[in-house]
Amino acid sequence: MTHSGFIFAAWGIVLAVLVLYSVHLVLRGRSLTDAVEPEHRRWLDSGAETKGLSHPPREQP
Amino acid sequence: MSPAEVTSTGSRGTRVIGSIVLAGIVFHVLLSFVWSDPDADQGDLVRIMYVHVPSAWLAYMAFTVTAFGGVMYLWKRSLWWDLVAGASAEIGVVFCALALVTGSIWGRPTWGTYWEWTDVRIVTTLVLLLLYIGYLAVRRIPADPHQRSRRAAVVGIIAALNIPIVRFSVDWWADRTLHQKATVKLGGTELDGLMLFALFFGLILFTLIYVWMMIHRFRIAWLDEQIDRHGLDAAIAERLAESTSDVTRAVGLTKTGADL
Amino acid sequence: MWHDVRLIAGKDLRIEWRSQVATGQVAPFAILVLVLFGFALDADTVALRTFTGGLYWVTVLFSAVLAIQRSFALESADGNRDALRLSGIEPAAIFFGKATALVVQLVLLEVLLGAGVAVLYSPSVEDFPLLVATAGVATIGVAAAGTLYGVLAAGLRVRETILPILLLPVLAPVLIGATRAFDDALGTVAVNGWNWLALLGLTAVVYVAFGALAFGVLLEDS
């Protein structure tokens, strides 16, 4: 295959970046999930959508 | 899934999509390297196109979602749309950078340089990247959520409006009859059937990757919102608790209410 | 509404007249940039003459960023922005007023820069009307986009850094168009500058229209 260096470089960078970014997303997702109480971890669960609010309500302290 | 079971931004949906993507990547590698032939004009370099074109396509699609999300946010005032817009912009920047890098790598053996100013697409894509880096910078500015969402929506919409203008300007500007046109058409006069299929498969694969990333990135954005919101509430609650105990001590009361 | 536009524009220009920031700081900066280009291009007179169009407009854009930041720094003092919001003046009028004041300041700056370039780079002028028309239309586009992003950046601590990074990519078509038109007018490149002027006009219309619509949204938040 001609120009194999260029071709492998291009494919290599694409796969590496996609994998690294994906791993970053998963890890960040996990650490943020730990930081938030279970009821608020998902848009649907917090009831924001069903209550029809544009921004979910603030918690009462 | 009940709230207590959520331990990450993943879910059954993302795991299914993820598995399909992994299988798809294997298939795409086979398509691009083993089953398809070199191009009549570009030779083996066409194989870079099988990741370059999908990246560029996704970059533009992601930014369209961002602009659309901005419009929807301004119309419906729904945080959901703003978070979608923001998530899509970040993923779009990733694909845009990939498109530029792969395009540049392809360009080196083709044009002789890593950058060809008269190639309209690469120049426009670079301006697109800069516009969206600016958009992400605006999103990062600490502000009230409504403010931030509104600002970002306006910036996203202007950026999207600007793309056709940039494209047109650069196209015109780059059209120098003195120079040879830099863009090389794929497959010479017509695209070989398998090549076309490889391109489309790449497009679908990358779209699925985008969807997977969007689900995660949206959930991350949502969690960030929650932490901002409840982080503030927790801090307030702490301060209240502190001051209450200060008052209790000052007044000399113990838990039983007896005087000290 | 047009009365309000004159009011706002007049206020901005009067403040400038008294404080002399544009004349005392922005103009010298602009001349400085021209000089620095001279050094950067190693005093290659052929290069300077050939690229006069582009160098001129890059200088204008950098100077415009300063002028825009100044235009909104005025409004940071003493709760001016709140006063503007509460004044009952339509946001679009404030937009047009501030943009007009900017156009006036930028045009004067461009005249000065024109003289600077004539002396420092010695270009030859073939189509003076095209030069003037281009400067006018391009400036409108710059002022419109600049006023919109200016208000966005206005209340922010990061305003000095966020404004250029937002504004300059958006103004890339203006730079391209104005440079091409100037290249034609100065006889350095065989292009049709009047066509480019048409594109500049279209761009200006889009920026003005969008600016007028979106300014109110951003003013509320600033």
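Helices and strands are taken here as DSSP runs, of at least four residues for a helix and at least two for a strand, numbered from the N terminus. In these terms, chain B of this predicted model contains six helices and zero strands. Read from the N terminus, its elements follow the order α-α-α-α-α-α. Chain B comprises 260 residues, of which 43% count as buried. Among the contacts in chain B with a separation of 6 or more, 78% are accounted for by residues 24 or more positions apart.

Within chain B, one helix pair may be considered in detail. Two packed helices are described by the angle between their axes and the distance between the axes. The axes of H2(B) and H3(B), the latter spanning residues 79-111, come within 7 Å and cross at roughly 155°. Because angles over 145 degrees count as roughly antiparallel, H2(B) is roughly antiparallel to H3(B). The crossing of these two helices, H2(B) and H3(B), is left-handed. Sorted by class, their contact has 21 nonpolar, nine polar and two charged residues.

The description now turns to the interface between the chains. Here 35 residues of chain A are in contact with 45 residues of chain B. On the side of chain A that touches chain B, there are 19 nonpolar, eight polar and eight charged residues.

H2(B) also takes part in a helix pair across this interface. Helix H1 of chain A covers residues 4-35, and helix H2 of chain B covers residues 46-76; their axes come within 9 Å and cross at roughly 35°. H1(A) passes H2(B) in a left-handed crossing. The residues of H1(A) that take part are Phe6(A), Ile7(A), Ala10(A), Trp11(A) and Val14(A), and they meet Arg47(B), Ile48(B), Val51(B) and Ser55(B) of H2(B). By class, this contact between H1(A) and H2(B) has seven nonpolar residues, one polar and one charged.

One further residue of the chain A helix deserves attention. Leu20(A) lies in helix H1 of chain A. Is Leu20(A) buried or exposed? A residue is exposed if 12 or fewer other C-beta atoms lie within 10 Å of its own. Leu20(A) has 11 other C-beta atoms within 10 Å and is therefore exposed. The C-alpha atoms of Leu20(A) and Asp34(A) are separated by 21 Å, the two residues being 14 residues apart along the chain.

Terms used: Residues are numbered from 1 along each chain as its sequence is written. Chains are lettered from A and ligands numbered from 1 in the order in which they are written. This is a predicted model: local features need pLDDT of at least 70, side-chain atom pairs count only at pLDDT 80 or more; totals for chains, interfaces and linings use all residues. Two residues are in contact if their C-beta atoms, placed from the backbone, lie within 7 Å. Ala, Val, Leu, Ile, Met, Phe, Trp, Tyr, Cys and Pro count as nonpolar, Asp, Glu, Lys and Arg as charged, and the others, Gly among them, as polar. Axes are lines fitted to C-alpha atoms, for helices over the stretch in contact, and angles run from 0 to 180 degrees between N-to-C directions. A crossing is left-handed if the near helix is turned anticlockwise from the far one by less than a right angle, and right-handed if clockwise. Angles under 35 degrees count as roughly parallel, over 145 as roughly antiparallel, 65 to 115 as roughly perpendicular and the rest as oblique. A residue is buried if 20 or more other C-beta atoms lie within 10 Å of its own, exposed if 12 or fewer, and partly exposed in between; C-beta atoms are placed from the backbone.
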